[in-house]
Amino acid sequence: MSAQADIIATESPKRRQILDAAGQLFLKDGYAAVSMDALARLAGVSKATLYAYFPGKDALFGAMVAERCAGMLAQDRLISDHDAPLAEAMRRLIDFWLRFLISPDVVSTYRTVLAEGARFPDLARAFFEAGPVMGLGWVGEWIAEEQRRGRLRPDFDPRVAAPQFIALLRGELYIKIALGLVAEPSEEAVAAEVDAATDTLLRAFAV
């Protein structure tokens, strides 16, 4: 086993410290302003240990995003239900995804990537692969299973429909939150967005 592999295998708590520090600094200060030195200090590890886990800042940012998305998808699998009536199952799923997209940490992360992705293409690439690609893949799988069960039309590609599914959630409420015009949406506002998206998707794709 290499020295790097040995560190990763025996010091997993260190990785947790590093990811926690990354979450704090990236969301507070942005991507460009955060140095690997600052990350190592806040995490309480040496730079050698930091680089043993993550070869660069973009890799660390991507790992932070991937971990949060993986945690969200694990919860999503617990609430997704192919046995419930289609409208109920879809509404539950849309509600969960919308609340995820408008959560403060996710909005802050997205703003960071939009603000600095042009200057740091590796950052944008790491975010895209760790976040949207993972999420869209899961939505596509959910749609494909509904098609297999005969509840959604079979004449469209789930990989094409998945981005459309997510795009419907980025409506007026999402835009206002992303722009900072709404700090905390009301339950009525969230429910209205969920109802509208559910109705549109059912009309478009249900048999």
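**Exercise 1. By class, how many nonpolar, polar and charged residues does the lining of the largest pocket have?**

Solution.
- The model is a predicted one.
- Begin with size: the largest pocket has a volume of about 430 Å³.
- Next, take the lining, which holds 25 residues. Cys69, Phe100, Leu101, Val106 and Phe127 lie nearest the centre of this pocket.
- Assign the elements. Two or more lining residues come from each of α5 (57-79), α6 (86-101), α7 (104-116), α9 (132-148) and α10 (158-169).
- Rank them: α5 gives the most, with 6 residues.
- Sort by class. The lining has 18 nonpolar, 4 polar and 3 charged residues.

**Exercise 2. Find the volume of the second largest pocket and break down its lining.**

Solution.
- The volume of the second largest pocket is about 160 Å³.
- Its lining includes Ile102, Ser103, Pro104, Val107, Ser108 and Arg111. Ile177, Gly180, Val182, Ala183 and Pro185 also line this pocket.
- The largest share, 4 residues, comes from α7.
- By class, this lining divides into 7 nonpolar, 3 polar and 1 charged.

**Exercise 3. Search the whole structure for cavities of 30 Å³ or more, then describe the lining of the largest cavity.**

Solution.
- The search finds 1 cavity at that cut-off.
- The space in the largest cavity is about 50 Å³.
- Its lining is made of Met90, Trp142, Ile143, Leu152, Phe156, Phe165, Leu201 and Phe205.
- Two helices, α9 and α12, each supply at least two of the lining residues.
- The class count is 8 nonpolar, no polar and no charged.

**Exercise 4. Which residue forms a salt bridge with Glu187? Place both partners in the chain.**

Solution.
- Recall the principle. Side chains of opposite charge can pair when their charged atoms come close.
- The structure has 17 salt bridges in total.
- Glu187 pairs with Arg99, and their closest N and O atoms are 2.8 Å apart.
- This pair links distant parts of the chain. Glu187 is in helix α12 and Arg99 in helix α6, 88 residues apart.
- Check exposure. Glu187 has a relative accessible area of 48%, so it is partly exposed. Arg99, at 33%, is also partly exposed.

**Exercise 5. Work out the sequence spacing in the salt bridges Asp122 to Arg125 and Glu145 to Arg148.**

Solution.
- Take Asp122 and Arg125. Their side chains meet at 2.7 Å, N to O.
- Asp122 and Arg125 are 3 residues apart in helix α8 (residues 121-130), so about one helical turn separates them.
- Asp122 is partly exposed at 41% relative accessible area. Arg125 is partly exposed at 44%.
- Now take Glu145 and Arg148. The N to O distance in this salt bridge is 2.8 Å.
- Glu145 and Arg148 both lie in helix α9, 3 residues apart, about one turn of the helix.
- Arg148 has 61% relative accessibility, so it counts as exposed.
- Extend the pair to its network. Asp83, Glu145, Arg148 and Arg149 are linked by salt bridges.

**Exercise 6. Is Leu181 buried or exposed? Name the surface patch residues.**

Solution.
- Locate Leu181 in the loop between α11 (172-178) and α12 (187-205).
- Apply the cut-off: exposed means over 50% relative accessible area. Leu181 has 63% relative accessibility, so it counts as exposed.
- Find the patch. Ile175, Leu179 and Leu181 make a nonpolar surface patch of about 340 Å².

Technical notes:
Residues numbered from 1 in each chain as written. Predicted model: local features only at pLDDT ≥ 70, side-chain atom pairs only at ≥ 80, totals over all residues. Heavy atoms only, no water. Patch = residues over 30% accessible without salt bridge, like charges linked within 9 Å, V, L, I, M, F, W, Y side chains within 5 Å. Areas by Shrake-Rupley, 256 points an atom, 1.4 Å probe, with all protein chains shown as cover. Salt bridge = Lys/Arg side-chain N within 4 Å of Asp/Glu carboxyl O. Buried < 20%, exposed > 50% of the residue type's maximum accessible area, 1.4 Å probe, protein only. 1 Å grid on protein atoms, 1.4 Å probe; cavity = no way out; pocket = protein on both sides within 12 Å on 5 of 7 lines; lining within 4 Å. Points joined across faces, edges and corners; volume = space filled by probe spheres on them. Nonpolar A, V, L, I, M, F, W, Y, C, P; charged D, E, K, R; others polar.
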